[in-house]
Number of protein chains: 2
Amino acid sequence: MKAKYITIIDIARQLNISKSTVSRALTGHPNVKEHTRKAVMELAASMEYQRNSLALGFSKHNTNTIGIMVPEFMSTYFPSVIVGVQDVMQAAGYNVVICQQNESYESEVSNMKLLLSYRVDGIIVSHTKETRNFDHFTLAQRRGVPLVFFNRVPEDMNVPNVIVNDYEAAFQAVEHLILIGRKRIAHLAGPESLVNTRLRRQGYLDALKKHGIAHNPDLMLSYDLTTEKVKIYMKHFLELDTPPDALFAINDPTAIAAMEVVKAKGLRIPEDIAIVGFSNDFSAGLVHPGLTTVAQPTSEIGRTAAEMLLQEMRAKVKNDYTIKKAPTVQLSTRLIVRESTVPEEKGKKVMKSK
Amino acid sequence: MKAKYITIIDIARQLNISKSTVSRALTGHPNVKEHTRKAVMELAASMEYQRNSLALGFSKHNTNTIGIMVPEFMSTYFPSVIVGVQDVMQAAGYNVVICQQNESYESEVSNMKLLLSYRVDGIIVSHTKETRNFDHFTLAQRRGVPLVFFNRVPEDMNVPNVIVNDYEAAFQAVEHLILIGRKRIAHLAGPESLVNTRLRRQGYLDALKKHGIAHNPDLMLSYDLTTEKVKIYMKHFLELDTPPDALFAINDPTAIAAMEVVKAKGLRIPEDIAIVGFSNDFSAGLVHPGLTTVAQPTSEIGRTAAEMLLQEMRAKVKNDYTIKKAPTVQLSTRLIVRESTVPEEKGKKVMKSK
DNA sequence: CAAAGAATTGGGACCGTTCCCATGAAAAAA
DNA sequence: TTTTTTCATGGGAACGGTCCCAATTCTTTG
């Protein structure tokens, strides 16, 4: 069952030269005679020599590999961030390994240890909704492995990060609901453990305040991002004596699950209840009616995070974020208005006749 | 910029014992005095010792890590297969690293080399649509690294694989269209490089034949899975003198893109044209009308592939598939009928009044 | 109490590569 | 031609673990 790999020593023996020379030839060191280099390259190719990155990383103390850890990837958000990261990292000559936590804190800790034990040169992270303890992140920092966060950033850690203007985006989304005449605007907020939850909620509250609408605590619920919970909460909202006439949901899957409840009740969207989501998942454009939502520049988020990480890794003197403010990049979002808040215009409406 | 990690030698020095003893204590070797073990464990914990997997894998010749390579992950298919793989592998004590190829052959080759150079113990693969050369796969086999394929399996390689009954599923899907009275059934097939394309197409052809419907070549087009192409081809179909009254699409994104074209033309689904997709992506249930499609047991595919790989890795004597038939597991699919082929029944219909 | 056996520990080879230093050969300068 | 410099190569330490074997200590047993 043991795999057999060719080593530089095999090559050296065959050519009757030293492994140092083989190593030099293979890595492109200048001091190798053209003749020798050619012989080595040819033999290596014909033997299908495959360098041992374990030995290499082990001896060189850097692996030219970065890790990216995401809490889940069933929505399109994280996958498309990852694609952005890969673009930049591939161009910079780094390998990327992906870890997925399934929203489990335990997996997060073990994936972090996996990446550290493989001595990756840096890590891009978005933490799970369960994460309340950040020791595994500070451990990486103490070990000198640069970290860059995106989307879900631990609030009391000073780390480089890429975020969007959650507060303003939420404010704008809720204001949009107000401007189309809604007064009883409900909010399904995410788990308390995520910054985004707090920022978006604050945007919601401040938009109400600006327009003189009293905040009704009965219309705001936090939950932990499972579809079943959304449905229970949404039913509860609809059964209130004076049910909401609009909903601002923390993200698109939430909004879509809520839509199902509304439709099952026989209510009309947006006439009876207008709905806004967040992130512009692929599915937001597919549901019926189309979901008004806040588009995030996903692949730009990924590219920006990757570039930040490159800078951290390339820094001659490691940045010490216990004494220095960590950089933050805030990207902007865009509200995409669809039929879940503004009904189709007659002219735009798809004709049912041939 | 160099990361500083604690080693077993640091621990040994502090406790004034040999590194062998530290290693034994840490790995749970029986022959260590309880007192010593405790001291080692405590010091290791307090120093936040992190074992160096590079050194370990390097010296032990196995890394307890497997790789999984997928062509893309913007649909829900691959992510949920991955989750299945992770379930099984985590339980078996293996780490999983994920690589994503963005449907690029080049990335596939370089990811394969990455995984091999990191000496993973096994790899689960679904190849890209560009892949026509399989040398990078046979290389892994020659190195003794077990491979298990799923979904997209190279036809002329004898490798363990997990597939679904593509042929029967396609046959059944097309038969469904025939049974609801459709005669001019178009087929948008995938790229020639994928087995699935051929199997599903054959199912399509044979279903037509069984029901005495002559195959009209004008109604079948192969394309390379980009949304733009789908739209062009679908427009072409609709502009034929006698346009199709049904469409069987190679997958759900294709079906959904086609639906958009149909709707933009002002045609009704399913009255004017019935549509069937493949895979039951999350989005299939969201589009309007709901898409009839073939559900694949994604997480079971992942779990099965993982178990096959475990068996390969655990085999005392490596299976030599140049002389022995490789195992195949075929899982079954299920046709999910939605409104894109059968209109909502009155009773089932969502009531629009309160 | 001596001898044998078991339990615990230490010593050091090994894994594949890089890289520094030494050596030898060839080329350039004196 | 001799000396110096440059180029090409070889030798061997280092990286952080595991693991086998030898050495030591502690128990048993005759």
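**Exercise 1. Is Phe134(A) buried or exposed?**

Solution. The model is predicted: local features need pLDDT of at least 70, side-chain atom pairs count only at pLDDT 80 or more, and totals for chains, interfaces and linings use all residues. Residues are numbered from 1 along each chain as its sequence is written, chains are lettered from A and ligands numbered from 1 in the order in which they are written, and side-chain values use heavy atoms, with hydrogens and water left out.

Step 1. Take the cut-offs: buried means under 20% relative accessible area, exposed over 50%, and partly exposed in between, with a 1.4 Å probe and protein chains only.

Step 2. Phe134(A) has a relative accessibility of 14%, so Phe134(A) counts as buried.

Step 3. Phe137(A) is at 0% and therefore also counts as buried.

**Exercise 2. Classify the ring pair of Phe134(A) and Phe137(A).**

Solution.

Step 1. Rings of Phe, Tyr and Trp (its six-membered ring) pair if their centres lie within 6.5 Å; planes under 30 degrees apart count as stacked, over 60 as edge-to-face and the rest as tilted.

Step 2. Over all chains, the structure holds 14 aromatic pairs. In the pair of Phe134(A) and Phe137(A), the centres are 6.1 Å apart and the planes are at 20°, so the pair is stacked.

Step 3. Elsewhere in chain A, one aromatic cluster is formed by Tyr77(A), Phe78(A) and Phe150(A).

**Exercise 3. Describe the surroundings of Gln296(A), then follow one of its contacts to a charged residue.**

Solution.

Step 1. Gln296(A) lies in the loop between strand E10 (293–295) and helix H12 (298–314) of chain A. Helices (H or I, at least four residues) and strands (E, at least two) are DSSP runs, numbered from the N terminus.

Step 2. With 8% relative accessibility, Gln296(A) is counted as buried.

Step 3. Contact means heavy atoms within 4.5 Å. Not counting residues up to four places away in sequence, Gln296(A) touches several residues, including Tyr77(A), Arg200(A), Phe278(A) and Ser279(A).

Step 4. A polar contact is a pair of N or O atoms within 3.5 Å; within protein, one must be able to donate a hydrogen and the other to accept it, and residues adjacent in sequence count only if both atoms are side-chain atoms. The side chains of Gln296(A) and Ser279(A) make such a contact, at 3.1 Å.

Step 5. A charge sits over a ring if NZ of Lys or CZ of Arg is within 6 Å of the ring centre and within 35 degrees of the ring normal. The charged end of Arg200(A) sits over the ring of Phe278(A), 3.6 Å from its centre. In chain B, the charged end of Arg200(B) sits over the ring of Phe278(B), 3.6 Å from its centre.

**Exercise 4. How many residues of H5(B) are buried?**

Solution.

Step 1. Helix H5 of chain B covers residues 77–91, which is 15 residues. From first C-alpha to last, H5(B) reaches 22 Å, close to the 21 Å expected at 1.5 Å a residue; the expected span is 1.5 Å times one less than the number of residues.

Step 2. Twelve of the 15 residues are buried, so H5(B) is largely enclosed by the rest of the structure. Among them are Tyr77(B), Phe78(B), Gly84(B) and Met89(B).

Step 3. The buried residues of H5(B) pack against elements of both chains, including strand E2 (95–100) of chain A and helix H12 (298–314) of chain B.

Step 4. Just after H5(B), Gly93(B) takes a positive phi of about 85°.

**Exercise 5. Which residues are closest to DNA strand C?**

Solution.

Step 1. A residue is near a molecule or strand if one of its heavy atoms lies within 4 Å of it. DNA strand C is surrounded by 28 residues, and the closest are Ile8(A), Ser23(A), Tyr49(A), Thr36(B) and Phe58(B).

Step 2. Sugar or phosphate supplies 53% of the atoms of DNA strand C within 4 Å of the protein, and bases supply the rest.

Step 3. Phosphate oxygens of DNA strand C lie 2.5 Å from a side-chain N or O atom of Tyr49(A) and 2.7 Å from one of Thr36(B). For Ser20(B), a side-chain N or O atom is 2.9 Å from a base oxygen of DNA strand C.

Step 4. H2(A) gives the most to the surface near DNA strand C, with five residues.
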